[in-house]
Amino acid sequence: RRLLFPLLFMFVAVPLPKILWNPVVFSLQSLITFLNVEALNLLGIPAVQSAHVIQLPNGVVGVDEACSGVRSLQSSIMAALFIGDLTLRRTSAKVVFLAAGIGLAVVGNFFRSLYLSLTAYQKGVDAVNTVHDTAGWSILIFTAGLLVLLAMAMTRMERLAAEFASQ
């Protein structure tokens, strides 16, 4: 029983088998593309979705496998499991923290993809290459920082709840 978490964590650290990987990637690509097109249209930018491609007035932006967010999702899951196991006591808190890590990965990837789409609209599709890596690193820092802050807040809430229960 003591080795259950390390063993399960090890399985999360390796790439998923293709039978699981492909549906996750496809779903993330579809979600990110859909959310981007909706956000762009809300911002007054005419955008149309065609599979995993965003058609803008001055070009197209593709959401390929690397841009689906699957790697940031996997790293967020690993970070949430690791940080949650180190800092949180209750299983329910760990589950909430894991869900928050998944949510942060998806939200972060949406903002990264939206930023890249806005860059393509404003400066041309070729400008995306100049900001692509910076956007990815920024979202990694954003996600990691928010996970750490959330872990600190949840740890404090657990401590306060334990103090309140002992009184």
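A salt bridge is counted here when a side-chain nitrogen of Lys or Arg lies within 4 Å of a carboxyl oxygen of Asp or Glu. In this predicted model, that condition is met by K94 and D85, whose closest N and O atoms are 3.2 Å apart, and the structure holds one salt bridge in total. With a relative accessibility of 26%, K94 counts as partly exposed, because the range between 20% and 50% is the one given that name. D85, at 33% relative accessibility, is likewise described as partly exposed.

Before following this pair further, it helps to look at the chain as a whole. The secondary structure of the protein chain comes to five helices and three strands, and, read along the sequence, these elements follow the pattern α-α-β-β-β-α-α-α. Taken along the principal axes, the C-alpha atoms fill a box of roughly 65 × 35 × 25 Å. The protein chain has 167 residues, and buried residues make up 34% of them.

The start of the chain offers a good place to begin the walk. Helix α1 covers residues 4–13 and holds L8, and M10 is placed in helix α1 as well. Both residues belong to a nonpolar surface patch of about 650 Å², which is made by L3, L4, L7, L8, M10 and F11. A residue can enter such a patch only if its relative accessible area is over 30%, and the values for these two residues can be set beside that cut-off. L8 is partly exposed, with a relative accessible area of 48%, while M10 counts as partly exposed at 46% relative accessibility. M10 also has a partner that is remote in sequence, since M10 and M78 are 68 residues apart along the chain, although their C-alpha atoms are 9.3 Å apart in space.

From the patch the path leads back to the salt bridge by way of a pocket. L4 and L8, which were met as members of the nonpolar patch, also line the second largest pocket, together with F5, A80, L81, G84, D85, R89, T91, K94, V95 and L98. The elements that give two or more residues to this lining are α1, α3 and α4. Both partners of the salt bridge, K94 and D85, therefore appear among the residues that line this second largest pocket, where a lining residue is one with an atom within 4 Å of a pocket point. About 270 Å³ of space lies in this pocket, and by class its lining has seven nonpolar, two polar and three charged residues.

The largest pocket can be described in the same manner. About 400 Å³ of space lies in it, and it is lined by 18 residues, of which R71, S72, S75, G136 and L140 lie nearest its centre. The elements that give two or more residues to the lining of the largest pocket are α3 (70–87), α4 (91–123) and α5 (128–166). Among these, α5 gives the most, with nine residues. By class, the lining of the largest pocket has seven nonpolar, eight polar and three charged residues.

Helix α5 also holds L149, a residue that is exposed, with a relative accessible area of 51%. L149 offers a link back to the salt bridge, in that L149 and K94 are 55 residues apart in sequence and 14 Å apart in space, C-alpha to C-alpha.

Two loops complete the tour. One of them joins β1 (48–50) to β2 (53–56), and A51 lies in this loop. A51 is exposed, with a relative accessible area of 58%, and its phi is near 60 degrees, a positive value in a residue other than glycine. The other loop lies between α4 and α5 and contains V125, which counts as partly exposed at 31% relative accessibility. V125 and N58 are 67 residues apart in sequence, and their C-alpha atoms are 7.7 Å apart in space.

Note on methods: Residues numbered from 1 in each chain as written. Predicted model: local features only at pLDDT ≥ 70, side-chain atom pairs only at ≥ 80, totals over all residues. Heavy atoms only, no water. Patch = residues over 30% accessible without salt bridge, like charges linked within 9 Å, V, L, I, M, F, W, Y side chains within 5 Å. Areas by Shrake-Rupley, 256 points an atom, 1.4 Å probe, with all protein chains shown as cover. Helix = DSSP H or I, 4+ residues; strand = E, 2+ residues; numbered from the N terminus. Buried < 20%, exposed > 50% of the residue type's maximum accessible area, 1.4 Å probe, protein only. 1 Å grid on protein atoms, 1.4 Å probe; cavity = no way out; pocket = protein on both sides within 12 Å on 5 of 7 lines; lining within 4 Å. Points joined across faces, edges and corners; volume = space filled by probe spheres on them. Nonpolar A, V, L, I, M, F, W, Y, C, P; charged D, E, K, R; others polar.
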